[in-house]
Amino acid sequence: MKYAHRAFVAGAATILAAVGTANESIDGGWRGTLVTGAGTELSVDLVIRSAGDGYGAYLDGRQRPAVSGGRASDVNVSDGVVRVAFDALGAVFEGAFAGHSLAGHWRQPGTDLPLTLVAYPRPAPGPDEIERFAGIWSASIDGLPIELRFEVDELGELVCAITVVPEDFTFSAGLVAVDGASMRLEAPRLGVMTASVIGDAMTAELRASGGGVSFRATRGRR
């Protein structure tokens with residue numbers, strides 16, 4: 001009985017270690033290129049994070065707002081296959097997990113395209129970065145007052161919501177990529193915003209297909 005108990009404990013430890021390794025391997029960034037039927041290349045950036053007993057994910061598109069900033073509606077990891085669904089896009093990515101790559105397909109109604117994603121280091125923001133950005137920032141873009149609210153979600157990622165103050169209209173601007181005092185936000189309804197923070201002052205630039213605009217934001221509501 002003593003040996004059986006030891007064997008059970010050893011087996012359980014092996015299973016837990018394997019699960020931990022799988023979690024560590026899947027957590028992080030996955031990047032690849034989606035080639036459409038028209039030959040257009042779209043760079044796709046998928047961020048997967050452990051969340052309790054399961055997973056969550058974000059999709060960051062690097063060229064087209066249509067595939068950027070989306071929070072996955074469902075993430076399933078089973079038998080070496082990762083399936084990520086985006087109900088808002090009517091899209092599903094499904095790929096076989098093989099160490100540092102996910103080889104599979106991107107599917108939407110009437111579309112089934114091969115897509116291989118390769119892992120890259122994508123650490124979640126650290127405490128200093130969260131403290132630097134988190135909270136409400138007030139700004140004015142071409143005379144239009146806005147508020148940017150940065151907060152950490154349950155996946156440990158920094159996300160942003162933008163409120164257009166006069167209309168009191170708020171929309172999710174999506175996932176924020178943080179690197180020290182700098183950040184990058186790809187907002188489907190606005191464009192690409194880059195910013196740096198020193199103390200309570202933020203210097204930012206917003207670029208869209210129609211051009212770019214620079215602005216400053218200050219921490220707190222006006």
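Helices (H or I, at least four residues) and strands (E, at least two) are DSSP runs, numbered from the N terminus. The model described here is predicted: local features need pLDDT of at least 70, side-chain atom pairs count only at pLDDT 80 or more, and totals for chains, interfaces and linings use all residues. Residues are numbered from 1 along each chain as its sequence is written, and side-chain values use heavy atoms, with hydrogens and water left out.

**Overall**

The chain contains 2 helices and 17 strands. Of its 222 residues, 37% are buried (under 20% relative accessible area; exposed is over 50%, partly exposed in between; 1.4 Å probe, protein chains only). About 11,800 Å² of the chain is exposed, and carbon and sulfur atoms supply 55% of that area. Among contacts (heavy atoms within 4.5 Å) with a separation of 6 or more, 34% join residues 24 or more positions apart.

**Two loop residues with positive phi**

D79 and D142 each have a positive phi, listed below with their loops and relative accessible areas.

| Residue | Phi | Loop | Relative accessible area |
|---|---|---|---|
| D79 | near 55 degrees | between β5 (74–78) and β6 (81–86) | 78%, exposed |
| D142 | near 50 degrees | between β10 (135–141) and β11 | 71%, exposed |

Neither is a glycine: the positive value at D79 belongs to a residue other than glycine, as does that at D142.

**Strands β11 and β14**

Strand β11 (residues 144–152) includes E147. E147 counts as buried because its relative accessible area is 15%. Its side chain forms a polar contact with the side chain of R221, at 3.4 Å (a pair of N or O atoms within 3.5 Å; within protein, one must be able to donate a hydrogen and the other to accept it, and residues adjacent in sequence count only if both atoms are side-chain atoms). Leaving aside residues up to four places away in sequence, E147 touches I136, W137, S138, A161, I162, T163, V165 and R221.

R184 belongs to strand β14 (residues 182–187). With a relative accessible area of 32%, R184 is partly exposed. R184 and L206 lie 22 residues apart in sequence, and their C-alpha atoms are 9.9 Å apart.

Note on methods: Accessible areas come from the Shrake-Rupley method with a 1.4 Å probe; for residues, only the protein chains shown count as cover.
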